[in-house]
Amino acid sequence: MISIAKSSKPLSGNIFVPGDKSISHRSVMFGALADGTTEITGFLDGADCLSTIECFRKLGIQIEHSQRPMHGVPTITVHGKGLYGLSAPEGGLYTGNSGTTTRLLAGILAAQPFDTILTGDASIEKRPMNRIIKPLTQMGADVSSIKGNDCAPLMIRGGKRLHGITYHSPVASAQVKSCILLAGLYSDSDTVVYEPALSRNHTEIMLRAYGVDVHNEIEFQGSSAAILHPGTPLRGIKINVPGDISSAAYFVVAALLVPGSDIIIHNVGINKTRAGILSALTQMGADIELENVDESMEPHADLHVRYSRLHGNANGRFELSGKIIPTMIDELPIFAVAAATADCTTVIKDAAELKVKESNRIDAIVNNLKAMGADIEATDDGMIINGGSPLHAADIECFADHRIAMSFAIAALVAEGDTRILDDKCVGISYPTFFKDLNTLIG
Ligand code: S3P
């Protein structure tokens, strides 16, 4: 439990946030499947990414983990063994709280010559796996839910010959898309994944850098496709992981909300499939400047953020729906906190995926914001927030969900009284130094 008081002074200063979680996971996974060595700087040392490292160690991959002398930046060396170099693990593989590890790994394991049992913590055992079992089965894999409830633990039987498919995913999910593309690496023909809107495309960008023939296309009527042509081996590369925009988002909103704040967050990933939060907040009047933009493999920039009054359009409304949703899916909890303080009614639609994240985030956001005095109601696929009611302290239930804990730590900065975050430890999933960095900015 941690108690956070209303901030009596502006946030100021410069910080770096830890490395991007999605890119960190993938750098280890793809490095393991590559021939040669992959060197990763700026790796995220959060519990989820450490689960990925542990799984690949059990699959026979040597991975060195060190802190770069002087700056303490986590550096990882993965000694890849090529597409066919993994060996059968002793016992099952445990993915902790990590949906990305579970779903992406399932795509890789489906193509191995050995059987694996894949499981995770209580939250993972409740998250839907049918969304990957179905396409993997169509590819010829043998993957099943051991308890028969479409959830982990998963039994993955090896030794199957996989073939490429054209799959129309009903959800815009990078985990589903990436799972299928990874199985596609081992298939005997092309794999095409359509999704209703483009979800984060790190798998496509990074696999291409590793030498794989894969690309995105926007099809007519706006649906998006990822197309992978198998047969090229992966080659080890050097990767510089940019700061995680999902982690930066907490401080972006904190600076916007606390009067007089002026902060810079350095080296933040701004891949357009991830940066919806910046565009949504800017449309609401946020003063966020991108400085030192670097358009490399994964674009990144410094975010200069100053206190701003957030508002809606001329009718006092702001609607968030459609294709922007997947580009800020993990930022919707902190966006809802910002919306609760804005001079408008915010309607969030098309976000039913929030119900199947680490917790049911529609319930977690709505119940906690209500407890703090916000005027908010849940809908089937989002929420309606009548912004501007003064917030007051409350006891925050986190449901072991890191993004709920961090979002409400920021809400606490503008709430009268002392807010208690009942489970502060769960921030270690994606941002172990979150409270330390928040204190640096509060001064
Ligand atoms: C992720 C994809 C998203 C996101 C998760 C990380 C990834 O999940 O919520 O935190 O790294 O591919 P979905 O693909 O289920 O939307």
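Strands here are DSSP runs of E with at least two residues, numbered from the N terminus. The model is predicted.

**Two backbone points**

Strand S8 covers residues 142-145 and strand S9 covers residues 154-157. Pro153 lies in the loop between these strands. The peptide bond leading from Ala152 into Pro153 is cis. Its omega is near 5°.

Asn292 sits in strand S17, residues 287-294. Asn292 is not a glycine, yet its phi is positive, at about 50°.

**The ligand site**

Where does the ligand lie relative to domain 1 and domain 2? Both domains give residues to the shell around the ligand, so the ligand lies between them. Domain 1 is made of two segments, 2-18 and 242-442. Domain 2 runs over 21-237.

The space that the ligand takes is the second largest pocket. Three elements give two or more residues each to the shell: helix H1 (21-33), helix H3 (99-109) and helix H5 (174-184). Which of them gives the most? H1 does, with three residues.

The shell includes Lys21, Ser22 and Arg26. Thr100 and Arg103 are also in the shell, as are Ser173, Ala174 and Gln175. Arg200, Ile329, Asp330 and Lys357 complete the list. By class, six shell residues are charged, four are polar and two are nonpolar.

**Polar distances to the ligand**

The table gives side-chain distances to an oxygen atom of the ligand.

| Residue | Side-chain atom | Distance to a ligand oxygen |
|---|---|---|
| Ser173 | N or O atom | 2.7 Å |
| Asp330 | N or O atom | 2.7 Å |
| Lys357 | polar atom | 2.7 Å |

How much of the ligand's accessible area does the protein cover? On its own, the ligand has 380 Å² of accessible area. The protein covers 95% of that.

**In brief**

The ligand lies between domain 1 and domain 2. Helices H1, H3 and H5 each give two or more residues to its shell. Away from that topic, the backbone has a cis peptide bond from Ala152 to Pro153 and a positive phi at Asn292.

Key
Residues numbered from 1 in each chain as written. Predicted model: local features only at pLDDT ≥ 70, side-chain atom pairs only at ≥ 80, totals over all residues. Heavy atoms only, no water. Near = heavy atom within 4 Å. Polar contact = N/O pair within 3.5 Å; in protein donor to acceptor, adjacent residues only side chain to side chain. Areas by Shrake-Rupley, 256 points an atom, 1.4 Å probe, with all protein chains shown as cover. 1 Å grid on protein atoms, 1.4 Å probe; cavity = no way out; pocket = protein on both sides within 12 Å on 5 of 7 lines; lining within 4 Å. Sits in = over half its atoms within 2 Å of the grid points. Helix = DSSP H or I, 4+ residues; strand = E, 2+ residues; numbered from the N terminus. Nonpolar A, V, L, I, M, F, W, Y, C, P; charged D, E, K, R; others polar. Domains from an automatic or database assignment.
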